[in-house]
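Subject: Handing over the structure, with notes

Dear colleague,

Here is the structure I promised to pass on to you. My notes on what was found in it follow below.

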Amino acid sequence: MSQTVLSACGMLCYWGEEVRAGFGLLKPDGVQRSDWGVSCCSPKTRITQITPGGRLLGFVRGEGSVSFIRAPPTGGLQGGRLKKLELKDKIRSMSCGENDAVLLTNEGKVFQLNKYNICSPIKYLADRTVIQIACGDQHCMALTDDGQLFTWGQNSSGQLGLGKKDESSSQSPQPLKSMTGIPLAQISAGGDHSFALSLSGVVFGWGRNNTGQLGLGDREDRYVPVCVKSLNRKKTVLISCGEDHTAVLTKDGLVFTSGSGCYGQLGHNSFSDELRPRLLGGLWGSEVSQIACGRHHTLALVGSSKTIYSFGCGEQGQLGNGQHTNQCVPLPVQLLHSESCLDQTVERIIAGGNLSVAFCAKQNGEVATADSSPRSSKGISVLDDELIENWIVNCENAKTWDKVKRKIKMLFSSASSISASFIDKCKDKHYKTSEGHSGLDLSLARCAFEKLAKQQKILLEVESVVERDLLPSLKNTTAAGIEALRVYLILPELLRVLRKIQRGTQLTIDLAKAILKLDQESLNLLTNLWTRMPYYYYRTAVRMFHSVAAHFTSQMTTDISCWDALKPTLHVLQKLYEVNGQRVTRLTEDCFYIKEINIVFVWIYYIQSNWNLPEQQYLNFLKTMENINIFVSFPSALDLKSKCRLFMALQVKQCPEMVRNRNLLCVNRETVLADTLTYLKTERPVFSLPLKVKFILENGFDDGGLCKEYFRLIGQDLAKSSGLIQSNEDSKLFWFSADTSGTTDGFYYLGIICGMAFSNHIHLNIGFPLALFKKLLHLNPTLRDLEELSPVEARNLKDLLTEDEDVVEKLDLDFTLHGQELIPNGQEVLVTKVNRQKYVDLYVDYFFNKSVEYQFTEFAKGFFEGVHVKFWTMFLPEELRLLLYGTCEYKWEELQKIATYEGCGPLDDLIQNFWTVFLELSEEHQKKFLVFMYGSDWLPVGGLSQLRLNIRKRVYENADERFPAAQTCYGNLELPNYSNIDVLRARLVHAITCCETFGVA
């Protein structure tokens, strides 16, 4: 064995398939070969890369020139000669497939070397800057600096990832649109399969999967990139592909392998395939720093000891152990041990085809023959402080401004670059990217956009690029993963600074439209991210969409085109509202209210009262009435008062005749319920029309007051004597009676009566629990709802959930309730600590659903018919109950504040005496005053301040003999000029306690 003299360029070791000594890079006598098949040499010129393929072997030199060896038609690489590729461009990297190769220049241009040794530029990529390339046997990949991934070549197994099983091969690069928005760190290609690794360590694979090389748990080929979920949060930093196996390296130095194991190339002490990535136990405890896959063998470098381990196919000596047998566990490769090699340490390993290569350098680190890490490839472009400062400095110079604009376009037209710019690398948090964690540091985005805003010229250019190029590019409705959704979290921070200079309106609309184009799965992922988004950034997102929605709402009366812009922003705002309820730190409800809608309602009322208007204003009114119902789908934008106004406006829109026509109901005060049931069964009223009530033998005229009195009375009858509902002893709230034997349609008519009350905007004095209104809105009641209706039962169930195991067993409960089995064979299943939550859930379900299924179904059927219109569903359960049941929160001083006077003033003795008497009354008598004045003691939304009280002084000669009189429909109280406070007190108390019939109402 001859002695090798090392040059200043370091040492190159190789083993495996027979090749010419030293690859022809130097004379044969400059090559040292061990007895176990490892050869070493030191080329005179620095070799930066060796790339073995199937029948092709490429070399990239330090000065950018390229040489290659091509195997002859018969035989292997040993029969090929080293040839220099004549190119003017300097080459940075090269990747070889079975017969072809792809070359990447220092300027980011791509050339392809075909099997005839003709090297030509890839024209489709001529206007792009490529930063990485990779070759499989028959297909190629290229990653550009703006994060776009292109594939071309054979597509027999879907290795191009274009999405169709029968998609033909492509000779020109095709953009992999399904990976839009994913910031990639590395691409890798195997025989007929492909991989991409994101900056957050998320692994995507596609193509041939017959041996499980994609690591997805099966053997089915994939035609689009699929996330290898078993590798999520493993901190993957490198992927290497063989012909039909794959190796993955994590930041912690762990190695996972999957795919074909028939040669032992997976290293798991077996020759079996692995369908999912399996941890390489043979190197457990050793921190692996590099991996490389050949056709059927694998190399791993342990950084601390600079030891290379090999396993897999060794038929051509590619394991470097002197044997020509297969090996299924990692064993060290024996490099040379001559004196001239003692100061050399392994810097990089390469495997490809049946060849293995190690780059070595002097231990003092002064000289290296190759890049020290396979992960040292240039990454995609990102926005950082240095770049922003450069833009600010050069934006005022006409010559440099064009260059700045090109860079802005490249960065801000790429969702991948935007995502990569703001990932949270603090303590490797970006590796935690998952359904609940975006991997972003939004404070970086906020700071960056605030710095950009210092130069308005730059900010406006960014706005233009995002609006013109970025958002239209987000055409793929299915996001490849969480990282592709990051752009939707980042852009509100841009809108935040644009809003400060009254910009960004159209951008907000376009962003909303892009969000709404996402498929349901992607939209669900985005809403999950919103749920866990830091409070201040979530609030920013809400404010941006809210401000634009409010702006266009205010324009509704004058601009008929605003509706197209309003709908998408309202839609996104509604989704943000739905997320708000799931957040730990929530925004208050009024953050979503669009108060500008009240201006519209005032305008609608004005138009309806003044029909002699200019044509354009009338057209605006028609357009508004045509579209205003969209707010029904986005109720979060309206407070309760606005919803009520919208409800009434839509009632008139749907049934214009309600302004003139009424349903007339004649009832006897003593038989209200019976008369009502007869009326409903025989008359079949049109429920879209308002109700007008007449009490038999009474002279009252119904302008609203009699209707209130009617529903107060019928509510009392339903609660006391109908047998349909019963009051809970503890909560005093009403729920359906379990006994249905005495009625066939009673629950249906109960529903109609409740629906009529709601439709006529009148309270029905029956205290139903919130659970009823949840069920009407198809929401499931919970244990908290049971606690409201039946506190004792709920408390027992809550205790059950917290008791120790031995206490639960002593209770001797089974899965039955009131003799009904909650599950099949429930009598035989005891409640334990393990299944007690299930028992509680089934208990609540039985109580609210199964035990009253018939009663509620009939009630709901009647309620829907009584309300008649569908848009009542815009109300929340709490709002429905408040509107039907009213409120009983009395702040009596508010009644005095809203009072107006006729024929007197607030300082008159009569008025002073009245308020003294009223405020001294017991609360029971004060409530009776409300019934006397308004027909009901239940208050509308907003309480007493929403009532009208107009006190009229009436002068009579016999005033002390007269009683106060009320016009309930109008809120007028006629008060005789009593001689003193005692007379006033006696007459007022008598009036409110004894007078129930209506004269003037």
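Is R496 buried or exposed, going by its relative accessible area? Before the answer, please keep in mind that this is a predicted model. R496 is buried, with a relative accessible area of 17%, which falls under the 20% limit used for that term. Its side chain meets that of E450 in a salt bridge, at 3.0 Å from N to O. R496 lies in helix α6 and E450 in helix α4 (residues 442-452), so this pair ties together parts of the chain that are 46 residues apart in sequence. E450, for its part, is partly exposed, with a relative accessible area of 32%.

Helix α6 itself

The 18 residues of α6 should span 26 Å at 1.5 Å a residue, and the end C-alpha atoms are 27 Å apart, which agrees. Of those 18 residues, 17 are buried, so the helix is largely enclosed by the rest of the structure. The helix, which runs over residues 482-499, also gives the largest share of the largest nonpolar core, namely 12 residues. That core has 191 residues in total, and the residues with the most contacts inside it are F412, F631 and F711. If neighbours within four places in sequence are set aside, F631 is in contact with T553, M556, W563, L566, L570, I597, L638 and L646. Apart from this core lies another, of 31 residues, which includes L910, L930, L939 and L944.

Helices α7 and α5

For the 13 residues of helix α7 (residues 505-517), a rise of 1.5 Å a residue gives an expected span of 18 Å, and the end C-alpha atoms are 19 Å apart, which agrees. The buried residues of α7 are L507, T508, I509, D510, L511, A512, A514 and I515, and what covers them includes α5, α6, α8 (520-531), α9 (535-554) and α10 (562-580).

Helix α5 (residues 456-473) is also the place of E461, a residue that I would ask you to look at with some care. E461 is buried and yet has no salt bridge, since the nearest side chain of opposite charge, that of R468, is 4.7 Å away, whereas a salt bridge is counted within 4 Å. Leaving aside neighbours within four places in sequence, E461 is in contact with W401, K405 and I408.

Other salt bridges

The structure holds 29 salt bridges, and two further pairs may interest you. One of them joins the side chains of R295 and E98, at 3.5 Å from N to O. This pair links distant parts of the chain, 197 residues apart, with R295 in the loop between β24 (288-293) and β25 (297-302) and E98 in the loop between β8 (91-96) and β9 (101-105). R295 counts as buried at 17% relative accessibility, and E98 counts as buried at 18%.

The other pair is R954 and E974, whose side chains meet in a salt bridge at 3.6 Å, again from N to O. R954 belongs to strand β37 (residues 950-954) and E974 to strand β39 (residues 972-976), so that the pair links distant parts of the chain that are 20 residues apart. Here R954 is partly exposed, with a relative accessible area of 28%, while E974 is buried, with a relative accessible area of 18%. Both residues are linked with E902 and R952 in a network of salt bridges.The annotated repeats

In an unreviewed entry, UniProt lists residues 147-200, 201-252, 253-304 and 306-362 under "repeat: RCC". Over residues 201-252 the chain is 0% helix and 44% strand, with the end C-alpha atoms 12 Å apart. The span 253-304 is 0% helix and 44% strand, and the end C-alpha atoms lie 11 Å apart.

Two backbone angles to check

Most residues other than glycine have a negative phi. K306, in the loop between β25 and β26 (307-312), has a positive phi, near 55°, and counts as partly exposed at 31% relative accessibility. D428 is not a glycine either, and its phi is positive at about 60°. The place of D428 is in the loop between α3 (415-421) and α4, where D428 is buried, with a relative accessible area of 14%.

With best wishes

Technical notes: Residues numbered from 1 in each chain as written. Predicted model: local features only at pLDDT ≥ 70, side-chain atom pairs only at ≥ 80, totals over all residues. Heavy atoms only, no water. Core = buried A, V, L, I, M, F, W, Y, C linked by side-chain atoms within 4.5 Å. Buried < 20%, exposed > 50% of the residue type's maximum accessible area, 1.4 Å probe, protein only. Helix = DSSP H or I, 4+ residues; strand = E, 2+ residues; numbered from the N terminus. Contact = heavy atoms within 4.5 Å. Lys, Arg positive; Asp, Glu negative; His and termini not counted. Expected span 1.5 Å × (residues − 1). UniProt positions renumbered as here; feature names shortened; annotations may be inferred.
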